[in-house]
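Visitor: Hi, could you walk me through this one slowly?
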Amino acid sequence: MRRFARVALLCLGCAVCSLLYGLSQLALSLEQEPGGGGHDRQARDPAAPGARLQPGSAGRGEAGTERCKNLSVSFWNSYWMLPSDVCGMNCFWEAAFRYDYMKTHPSEKMHLAVVACGERLEETVTMLRSAIIFSIKPLHFHIFAEDQLHDSFKDILDEFPYEGKVNYTLYPITFPSESAAEWKKLFKPCASQRLFLPLILKNVDSLLYVDTDILFLRPVDDIWSFLGKFNSTQIAAMAPEHEEPRIGWYNRFARHPYYGVTGINSGVMLMNMTRIRRKYFKNDMTPVRLQWGEILMPLLKKYKLNITWGDQDLLNIMFFHNPESLYVFPCQWNYRPDHCIYGSNCKAAEEEGIFILHGNRGVYHDDKQPTFRAVYEAIKNYSFGDDLVHSLLQPLEQELQKTMHTYCGRIYKVFIKQLTKSIRDLYARRSKGR
């Protein structure tokens, strides 16, 4: 009897899968009919170059399906078993359809945001160059910068030879008018702008925020894919501040709550913005849960005398109270000097190489960590279109070998291990495309 029930369930699952596939193909054919969309893509794309921010609800692909989109993976992994966080049969069918839709309609672009102030123009442009070199899907850059930097950004970015693959939008630095002065002086000028991105970019569903001192050594697509690994409660992803508690800052010095054992570093932050805007956060200020826009100022007022690293500290406090909402990256996705100057303490980077290099503390611009500076200079000086092996990889390795007298230089091969693979994969893709 039990065997018969299992067979029956299996047959039912197969029937459901077939039905869903048929429905998805029918919907796909209807959507592709002339006139079905109602608007051209440029008109409905809120992040197109030069687009102005418009108030309103989330666009298609986020508002209607967000609450269930992460059920799709659970569905296809178990076929007929509803996930544990069921939100109703409609949600179940919608999640299954969305999974098939995403397979036939891959994301058209990835959204990357950066905040640049002061003398960060060159550093920001170098970061953007590193994002462009290896990425596969189109990129849209959201650049928040002081007004005096806008013309320079435009002049440089308009010369990038990747028309169609890269778009950008420039934004002014803006804070809530009633508290702008407090936010501007928090940690560094403009640094806390990142906290308001979910409220400013209302029509962007997901976003990768990075500091200006970030360098991508593999395609942005790969970190973007972590969005599909979020479970139903996760809204953002960051890496730990430290892997080794004995040298951790938060666990030794923090005067406020922080996430996990050693805290988190916000220099690379992947966000499902739709979920962030909708979530009600637990906190230690009121028994009532607060939304993103409601919790920021009360947090600042309560902890401003206790925080050292500004907006990063506020994020640590927030995820301390809502740990289920955070997905944690391995350390090679946010590799900093602390990972090698006290001895190698990012084992994943030793095995696979560095995926994203984070040159915090200004190490790209001084002689304290020549290994980091060598990578920065190599990418900054690379000319688009030149051979990556002879114009980037080989000169970089020669420079890195000169740094072997330093702690980070002793393991210099981890700085080019993934870079070598990224170059090889890029040329392989080009060969297949011919």
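Visitor: Which residues of α12 are buried?
Guide: In α12, a helix being a DSSP run of H or I with at least four residues, and helices and strands (E, at least two) being numbered from the N terminus, the buried residues are Trp292, Ile295, Leu296, Met297, Leu299, Leu300 and Tyr303. Buried here means under 20% relative accessible area, exposed means over 50%, and partly exposed is in between, with a 1.4 Å probe and protein chains only.
Visitor: Okay, and where do these values come from?
Guide: This is a predicted model, in which local features need pLDDT of at least 70 and side-chain atom pairs count only at pLDDT 80 or more, while totals for chains, interfaces and linings use all residues. Residues are numbered from 1 along each chain as its sequence is written, and side-chain values use heavy atoms, with hydrogens and water left out.
Visitor: Zooming out, how many helices and strands are in the protein chain?
Guide: The protein chain has 17 helices and 9 strands, and 50% of its 434 residues are buried.
Visitor: New topic: where does Glu241 sit, and is it buried or exposed?
Guide: Glu241 is found in the loop between β6 (236–240) and α10 (250–253), and it counts as buried because its relative accessibility is 11%.
Visitor: What does its side chain make a polar contact with?
Guide: The side chain of Glu241 makes a polar contact with that of Gln312, at 3.4 Å; the term covers a pair of N or O atoms within 3.5 Å, where, within protein, one must be able to donate a hydrogen and the other to accept it, and residues adjacent in sequence count only if both atoms are side-chain atoms.
Visitor: And aromatic pairs, how many does the structure hold?
Guide: There are 21 aromatic pairs, meaning that rings of Phe, Tyr and Trp (its six-membered ring) have centres within 6.5 Å, with planes under 30 degrees apart counted as stacked, over 60 as edge-to-face and the rest as tilted. One of them is the edge-to-face pair of Phe226 and Phe329, with 5.1 Å centre to centre and 65 degrees between the planes.
Visitor: Why does that pair tie together parts 103 residues apart in sequence?
Guide: Phe226 lies in the loop between α9 (220–224) and β6, whereas Phe329 lies in the loop between β8 (326–328) and α14 (347–352), so the pair links those parts. Both Phe226 and Phe329 are buried.
Visitor: Which residues form one aromatic cluster?
Guide: That cluster is made up of Phe226, Phe230, Tyr327, Phe329, Trp333 and Phe355.
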